[in-house]
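Biologist: I've got a new protein chain open on my screen and I'd like to find my way around it. Could you take my questions one by one?

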Amino acid sequence: MPASTEVLDAIHHVGQVVTYTVVLTNNGNVTLRSPSVSDPGATLDCGTVPTIVAPGSLPATLAPGESVTCTASYTITLDDLNAGSVSNTASADAFFGDGTVSAEDTATIKAAIDPEMSLVKTSDAAGAKLLGDVVNFTYVLKNTGNVTLSGPFSVSDDKTTVVCTDAPASLAPGDSITCTSSYVITQADVDAGSVTNKATGHASYAEKAVNSAEQSVTVQTTKPAPPATPTPTPTQEIGGASATPSTSASQSQALLGVTSAPNATPPATNAANNSSGDSGMPLFALLIAVAFGSLAMLMVEKQRRAIRN
């Protein structure tokens with residue numbers, strides 16, 4: 001009188017409900033009386049039969065070849081997944097004469113083990129960084145599989161040392177931890193215009209390594225702005241000589257041949273320093289004065305010649 005069960009091929013996640021089919025069959029050649037079925041590890045349903053069936057709850061007798069079908073449901077736990085399988089045992093009893101006929105059957109479902117972890121890496125860099133700037137990185141390691149991962153949890157980074165403070169010994173599915181690191185921008189980073197560092201998370205399951213996919217972050221770098229270049233003062237050339245014009249009122253008047261004082265006498269010319277009265281007179285104004293003086297002398301000479309004739 002076997003009590004057979006039928007189950008799924010595999011379990012996948014916490015909370016998954018497994019339904020067993022329990023079939024009690026009289027495969028003997030005599031009628032059995034007061035058959036019963038029990039399944040302490042699941043919720044049993046034989047129609048009106050309670051979880052643990054007492055004698056008399058099923059048909060009073062079970063003739064050769066007859067059977068009774070029940071169902072049993074069970075909700076998968078994390079322990080089942082971590083164990084790699086879940087087993088369920090159903091038993092049946094009946095009576096013949098003064099003796100008891102018993103049967104038992106166990107169904108085992110393997111777990112579809114999927115140890116995985118993800119890594120999300122970010123930085124606090126806002127804009128391009130200069131030589132010597134410090135960039136802080138944050139790493140979030142998360143168990144994205146369906147079994148518990150074991151430590152030590154760590155992150156390897158090709159540019160800096162990562163610290164996982166107060167990391168737990170294990171990490172259940174869906175749980176995560178946060179790690180950090182800092183990096184100082186170097187001259188090579190500035191010369192390259194950016195710096196990229198790559199990181200990978202590490203854990204284990206059943207003494208086998210579990211690694212995350214590689215994650216990278218690129219930080220832009222820049223050089224300091226060069227100092228402002230002074231704007232050169234424009235120069236003017238007259239007769240092979242150059243002069244720098246001035247925008248002051250007195251110099252503008254001098255260029256026009258006008259002075260602010262009435263009957264002002266132009267300063268005497270000095271061959272050594274070009275002017276003894278105003279050492280600040282621009283060379284341009286001096287050249288204009290010489291040009292006008294030469295023109296006046298030519299006009300006087302022309303008048304003299306006209307009078308002689």
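What follows is a chat about a predicted model, feature by feature.

Biologist: Let's start with the backbone. Which peptide bond is cis?

Modeller: Most peptide bonds are trans. One to look at here sits at the proline of strand E12, which covers residues 149-157 and contains Pro152. Omega there is near 5°, and the cis bond runs from Gly151 to Pro152.

Biologist: Is Asp166 buried or exposed?

Modeller: Find the loop between E12 and strand E13 (170-171), and you'll find Asp166. Its phi is near 55°, a positive value in a residue other than glycine. Anything over 50% relative accessible area counts as exposed. Asp166 has 76%, so the word is exposed.

Biologist: What is the phi of Glu207?

Modeller: Look in the loop between strand E15 (194-205) and strand E16 (208-211). Glu207 is exposed there, with a relative accessible area of 82%. Most residues other than glycine have a negative phi. Glu207 is not a glycine, yet its phi is positive, about 65°.

Biologist: On to the sheets. Which strands are the edges of the open sheet with 5 strands?

Modeller: The order across that sheet is E2-E9-E8-E4-E6, with mixed pairing. An edge strand pairs on one side only, and that gives strand E2 (10-11) and strand E6 (61-62).

Biologist: Which residue in E9 stands opposite Ala94?

Modeller: Strands of a sheet pair through backbone hydrogen bonds, either parallel or antiparallel. Strand E8 (residues 85-96) and strand E9 (residues 99-111) go for the antiparallel way, over 12 bridges. Opposite Ala94 you'll find Val101.

Biologist: Now for hollow spots. Which element gives the largest share of the lining of the largest cavity?

Modeller: There is 1 cavity of 30 Å³ or more, and the space in the largest cavity is about 40 Å³. Two or more lining residues come from each of strand E11 (134-143), E15 and strand E17 (215-220). The largest share is 3 residues, and it comes from E15.

Biologist: How many charged residues are in that lining?

Modeller: The lining includes Val135, Phe137, Tyr183 and Ile185, along with Thr196 and Asn197. Sorted by class, 7 are nonpolar and 2 are polar, and the number of charged ones is none.

Biologist: What about cysteines? Which handedness does the link of Cys164 and Cys179 have?

Modeller: The sulfur atoms of Cys164 and Cys179 are 2.0 Å apart, and the two form a disulfide. Cys164 is in the loop between E12 and E13, while Cys179 is in strand E14 (residues 176-184), 15 residues apart. Both cysteines are buried. The angle about the S-S bond is 105°, and the link is right-handed.

Biologist: Last one. Which residue meets Lys121 in a salt bridge?

Modeller: Side chains of opposite charge can pair when their charged atoms come close. Lys121 belongs to strand E10 (residues 117-123), and its partner is 36 residues away in strand E12. Lys121 has a relative accessible area of 8% and its partner has 11%, so both are buried. The N to O distance is 2.9 Å, and the partner is Asp157.

Definitions and conventions. Residues are numbered from 1 along each chain as its sequence is written. This is a predicted model: local features need pLDDT of at least 70, side-chain atom pairs count only at pLDDT 80 or more; totals for chains, interfaces and linings use all residues. Side-chain values use heavy atoms; hydrogens and water are left out. Helices (H or I, at least four residues) and strands (E, at least two) are DSSP runs, numbered from the N terminus. Buried means under 20% relative accessible area, exposed over 50%, partly exposed in between (1.4 Å probe, protein chains only). Two strands pair if DSSP finds at least two bridges between them. On a 1 Å grid over the protein atoms alone, a cavity is a set of points where a 1.4 Å probe fits but cannot get out, and a pocket is an open set with protein on both sides within 12 Å along at least five of seven lines; lining residues have an atom within 4 Å of a point. Grid points are joined across faces, edges and corners, and a volume is the space filled by probe spheres set on the points. Ala, Val, Leu, Ile, Met, Phe, Trp, Tyr, Cys and Pro count as nonpolar, Asp, Glu, Lys and Arg as charged, and the others, Gly among them, as polar. A disulfide is a pair of cysteine sulfur atoms within 2.5 Å. A salt bridge is a side-chain nitrogen of Lys or Arg within 4 Å of a carboxyl oxygen of Asp or Glu.
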